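Dear colleague,

Please find the structure below, handed over for your consideration. A summary of what was found in it follows.

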Amino acid sequence: MRTKLAIAVCVFGVALAGWASSVSAHHAFAAEFDANKPVNFKGTITKMEWVNPHAWVHVAVKNPNGMVENWAIEAGTPNVLFRRGFTRDTLKPGIEIVVDGYRAKDGSRRANGRDLTFADGRKLFLGSSGTGAPYELRSGGQQK
Amino acid sequence: MGTSLLPFFQRLADSPWSIGLHESQYAYPIVESIHVWSLCLFFGTVVMFDLRLLGWIMRSVPISEVVGRLRPWTIAGFVIMVISGSLLFFAIPVRSYQNIFFRAKMILLVIAGLNMWLFHARVYPKVIEWDAAGIPPKSARVAGAVSLVLWSCILFSGRMIAYNWFDCDRQPQSALINFLTSCIPTEPAF
């Protein structure tokens, strides 16, 4: 009787875990960012937070109506960024970039970064692979 | 009360050790991984013991035997969890301190400790009477069930710390949230 109860609880627990993981993918992406709200900015870097667990690139973006907005773009960990070709100094304040990503679900000026393009055309991938973020390879983009 | 601790954690956040961990290439992920591995050790042995207390598993094994064999591993796991957890906190002190899930986790930890202490002080001393019993007395079963629920919630809270749902820089938030997290609402950064 108790064995059956134990098995029932375990099966329920596993089912619950399965349902929970299908809701939020393997990572926080779906919990915080909206795959249906892609964003694309041209702006100037104001700050680079080279930190765990996620690096953040702060970008000053000029609106069509002339206002400057400060956006925060989430990137992978320092280790992941390093392996993709970034160093701590790659994104110094003042550098012009084009960045695209997916907007935060709560409407704040935050996005999960995908591709970053420098003024000279170099492209780097900001995100951590396997985040659950939709990722299509664009021509000239990084493999992986 | 909360705001008096904040400057301390802000100073901690500016220390070279904290910055070093926070910006590390390998150290932070290694500490994180150790925290998860030791969680398996600690939580695993706790679950085994609690299930025995509930009388669901290992019914032919005396409780004292289960305690004797599992306890060293539970203690070892706990020590490593505290050390790695402290390092994780120390890497990002201000955000962790103001994180509602971290605070819930700490409160639940205290309650779980209280439950363990109560069990060892009140219930376990009489173990001779029910050591061989397949199904222990109610007080022991309750202790086991409470422990299972509490530690599962602690694990869940720990995982939720990563999510920024109630982070301080996400203003405006409700006054209750700001109070519970010791947030000082200012203009949103973004």
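**Helix packing in chain B and the contact with chain A**

In this predicted model, helix α6(B) meets α8(B) through B:F101, B:A104, B:K105, B:L108, B:L109, B:I111, B:A112, B:N115, B:M116, B:F119 and B:V123. The residues on the α8(B) side are B:S139, B:A140, B:A143, B:V146, B:S147, B:L150, B:W151, B:C153, B:I154, B:S157, B:G158 and B:M160. By class, this contact of α6(B) with α8(B) comprises 17 nonpolar, five polar and one charged residue.

As to geometry, α6(B), which covers residues 100-123, packs against α8(B) at an angle of about 160 degrees, and the two axes are 9 Å apart. Since an angle over 145 degrees counts as roughly antiparallel, the two helices are therefore roughly antiparallel to each other. Their crossing is left-handed.

A second helix, α3(B), also packs against α8(B), here at an angle of about 155 degrees with the axes 8 Å apart. That angle makes α3(B) roughly antiparallel to α8(B). The crossing of α3(B) past α8(B) is left-handed. On α3(B), the residues that take part are B:F43, B:V46, B:V47, B:D50 and B:L53. They meet B:A140, B:R141, B:A143, B:G144, B:S147, B:L148, B:W151 and B:L155 of α8(B). Nine nonpolar, two polar and two charged residues make up the contact of α3(B) with α8(B).

Helix α3(B) itself merits some further detail. It runs over residues 27-53, and its 27 residues should span 39 Å at 1.5 Å a residue; the end C-alpha atoms lie 38 Å apart, which agrees. Its buried residues are B:Y28, B:V31, B:S38, B:F42, B:T45, B:V46, B:F49, B:D50, B:R52 and B:L53. The cover over these buried residues includes α2 (16-22), α4 (63-91) and α8 (138-160) of chain B. After the helix comes B:G55, with a positive phi near 75 degrees.

Finally, the contact between the two chains draws 20 residues from chain A and 16 residues from chain B. On the side of chain A that touches chain B, the elements giving two or more residues are α1 (2-24), α2 (29-32), β3 (68-74) and α3 (78-83) of chain A. The residues of that side of chain A are ten nonpolar, five polar and five charged.

With kind regards

Conventions
Residues are numbered from 1 along each chain as its sequence is written. Chains are lettered from A and ligands numbered from 1 in the order in which they are written. This is a predicted model: local features need pLDDT of at least 70, side-chain atom pairs count only at pLDDT 80 or more; totals for chains, interfaces and linings use all residues. Helices (H or I, at least four residues) and strands (E, at least two) are DSSP runs, numbered from the N terminus. The expected span of a helix is 1.5 Å times one less than its number of residues. A residue is buried if 20 or more other C-beta atoms lie within 10 Å of its own, exposed if 12 or fewer, and partly exposed in between; C-beta atoms are placed from the backbone. Two residues are in contact if their C-beta atoms, placed from the backbone, lie within 7 Å. Axes are lines fitted to C-alpha atoms, for helices over the stretch in contact, and angles run from 0 to 180 degrees between N-to-C directions. Angles under 35 degrees count as roughly parallel, over 145 as roughly antiparallel, 65 to 115 as roughly perpendicular and the rest as oblique. A crossing is left-handed if the near helix is turned anticlockwise from the far one by less than a right angle, and right-handed if clockwise. Ala, Val, Leu, Ile, Met, Phe, Trp, Tyr, Cys and Pro count as nonpolar, Asp, Glu, Lys and Arg as charged, and the others, Gly among them, as polar.
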